[in-house]
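Work through the exercises below with the sequence and the model open side by side. Try each task before reading its solution.

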Amino acid sequence: MTGFSRRGACPALSAPMQTGDGLLVRINPLVGELTPNTLIGLCESAARHGNGIVEVTARGSIQIRGLTEESACLLAEEVDTLGIAVRSGVPVDTSPLAGIDPEEVVDPAPLAAAIRTGIEAAGLASRLGPKVSVVVDGCGQIRLGAIMGDVRLVAADAERWRLSVAGDETSTRLVGEFDADAACRATLDMLHAIAALGRQGRARDLKPEALRAAIAGFEASRSFAPPSVLPDISPARGEIGSSAGSAHLKALRMGGDGDGSLISPLAGEMSGRTEGGGKDRDLNDQPSPKAADSNHEHSAATDSSPIGIFPLTGARIALGIALPFGSVDAPTLTKFSQAAKAAGATGIRPAPGRTLLVMGLDRTAAATLTSTAQSLRFVTSPADPRIRIAACPGAPACASGIIAARDVASNIATKIGDDLDPTLSLHVSGCAKGCAHPGPAALTIVGDEKGAAFVVGGTAKGLPASYTAGYEAARGMGRLMKLLAQERKPDENAAACLARLGAKRLAQALAQE
């Protein structure tokens with residue numbers, strides 16, 4: 001290890017990042033799966049060399065916190081001793097069930113592997129910033145719609161991939177559809193365009209002319225927008241124009257200005273964004289004939305939460321559970337891993353949404369392990385309000401924390417429960433850094449010198465609408481939920497209602513006894 005990565009970079013095992021509770025490292029297992037014994041060994045190492053906190057991120061990476069410069073090196077040595085091969089370079093994310101999911105439209109693993117090979121061959125990893133990523137979604141039981149990607153490839157059918165740039169599924173900019181070979185070349189061309197911006201460059205920074213130049217290099221056998229996409233493009237003007245006369249690329253003409261532009265400089269997002277995140281309505285989202293059972297059995301059509309029962313190719317199943325607020329202490333995770341081993345699990349995979357997938361179970365073993373997970377306070381239901389709250393460690397775990405963010409979040413989940421509006425994105429931050437959710441949320445509760453600040457529609461650095469004492473934050477949220485229930489219009493989501501009510505009404509609600 002040669003130094004610490006800056007905030008905002010990816011704290012890989014070889015480049016720990018300084019945080020308020022010490023150094024943090026992020027581990028992405030190359031094979032995606034750890035045996036129960038290996039995960040137990042990793043927990044023991046986290047307790048020995050860090051503060052004993054193990055996290056799973058929104059993208060499905062493992063984080064270990066509270067390290068020192070010396071102990072981070074010792075941890076890296078033990079990770080190597082445990083035989084955990086760690087992925088490096090540009091992240092190319094696929095479903096943790098890729099290739100063993102009977103419901104996926106197409107296995108994304110071969111395309112993802114081809115993209116990784118192309119990135120390495122072109123030397124792109126050293127030229128791209130640490131946050132640049134690619135998402136390859138085969139549209140199975142676990143969708144990747146909430147994961148941000150500089151380039152997104154989503155299976156349209158067994159032969160074609162829909163390519164878009166700069167966002168999650170609700171904000172990405174559509175480019176077109178390609179067969180697998182052309183999709184790989186198009187992705188690499190787009191990454192070359194991002195690399196040309198320098199190490200700070202991201203797809204969102206690409207100018208229209210750079211996008212046009214990248215698109216002009218695509219040698220797609222076929223590219224078009226299905227009719228169901230067309231009404232969802234921002235009405236300001238077309239995102240995609242036409243490369244008229246191309247025999248290889250049927251580009252999307254959404255505008256009508258006749259200037260030949262492929263990407264509109266004025267319209268950058270697909271419509272239909274919701275606070276909870278919207279699913280791409282074009283991608284095989286028809287109701288499934290299979291009803292979900294009491295163990296939250298999933299289908300790609302009805303629920304893409306990584307929590308519950310997932311049938312696998314063959315007779316076995318996977319069980320998904322979530323870490324509360326993405327975090328658990330090492331002894332608790334060790335107990336769960338021991339129970340998974342006793343249940344006959346073949347492996348445990350970190351998964352998107354701060355979850356773990358226990359692989360290779362039968363249904364009886366899954367039911368027993370679910371009960372164990374519940375007793376250990378893991379999240380075992382997609383209806384659990386804790387999965388809708390982003391919260392950092394906060395005080396006292398983090399030296400930067402002013403309020404005990406996860407205690408506040410737990411109190412909100414316990415005291416409000418089902419009354420927490422499902423359309424309300426909620427972020428509880430110990431300080432203005434906003435580590436757990438850097439982007440805007442419908443409502444952010446952040447610690448500062450005045451107590452718990454309530455920020456509407458912004459980040460932890462935003463201007464507060466009102467304040468309450470830190471220990472009163474959960475009660476304050478309860479009063480806000482009552483206000484929303486009283487004032488919300490039938491066609492209005494929670495975020496819009498909060499914005500309409502304004503700071504004065506929020507302050508009045510929070511001041512109520």
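The exercises deal with two helices, the cysteines, one buried aspartate and several salt bridges.

The model is predicted, so local features need pLDDT of at least 70 and side-chain atom pairs count only at pLDDT 80 or more, while totals for chains, interfaces and linings use all residues. Residues are numbered from 1 along each chain as its sequence is written, and side-chain values use heavy atoms, with hydrogens and water left out.

**Exercise 1. Compare the end-to-end reach of helix 4 with the expected span, then do the same for helix 10.**

Step 1. Helices (H or I, at least four residues) and strands (E, at least two) are DSSP runs, numbered from the N terminus. The expected span of a helix is 1.5 Å times one less than its number of residues.

Step 2. Helix 4, residues 180–195, has 16 residues and reaches 22 Å between its first and last C-alpha, close to the expected 22 Å.

Step 3. Helix 10, residues 494–511, has 18 residues, yet its end C-alpha atoms are only 20 Å apart, short of the 26 Å of a straight helix.

Step 4. Helix 10 has a kink of about 100°, centred on glycine 502. The bend at a residue is the angle between axes fitted to the seven residues ending there and the seven starting there.

**Exercise 2. Find what covers the buried residues of helix 10, and inspect the start of this helix.**

Step 1. Buried means under 20% relative accessible area, exposed over 50%, and partly exposed in between (1.4 Å probe, protein chains only). The buried residues of helix 10 include Ala494, Leu498, Leu501 and Leu506.

Step 2. Among the elements that cover them are strand 17 (441–448), strand 18 (451–458), strand 19 (466–468) and helix 9 (473–487).

Step 3. At the start of helix 10, a side-chain oxygen of asparagine 493 comes within 3.3 Å of the backbone nitrogen of alanine 495. At the start of helix 4, a side-chain oxygen of aspartate 179 comes within 3.3 Å of the backbone nitrogen of aspartate 181.

**Exercise 3. How many disulfides does a search of the whole structure find?**

Step 1. A disulfide is a covalent bond between the sulfur atoms of two cysteines. The cut-off for a pair of cysteine sulfur atoms is within 2.5 Å.

Step 2. The search finds 0 disulfides.

Step 3. Cysteine 139 is buried at a relative accessible area of 3%, and cysteine 497 is buried at 0%.

**Exercise 4. Describe the surroundings of aspartate 137.**

Step 1. Aspartate 137 belongs to strand 6 (residues 134–137) and is buried, with a relative accessible area of 2%.

Step 2. Contact means heavy atoms within 4.5 Å. Leaving out residues up to four places away in sequence, aspartate 137 touches residues including Arg143, Leu153 and Trp161.

**Exercise 5. Which parts of the chain does the salt bridge between glutamate 55 and arginine 65 tie together?**

Step 1. A salt bridge is a side-chain nitrogen of Lys or Arg within 4 Å of a carboxyl oxygen of Asp or Glu. The whole structure has 18 salt bridges.

Step 2. In the bridge between glutamate 55 and arginine 65, the closest N and O atoms are 3.0 Å apart. Glutamate 55 lies in strand 3 (residues 53–56) and arginine 65 in strand 4 (residues 62–67), so the pair ties together parts 10 residues apart in sequence.

Step 3. Glutamate 55 is buried at 4%, and arginine 65 is buried at 9%.

Technical notes:
A polar contact is a pair of N or O atoms within 3.5 Å; within protein, one must be able to donate a hydrogen and the other to accept it, and residues adjacent in sequence count only if both atoms are side-chain atoms.
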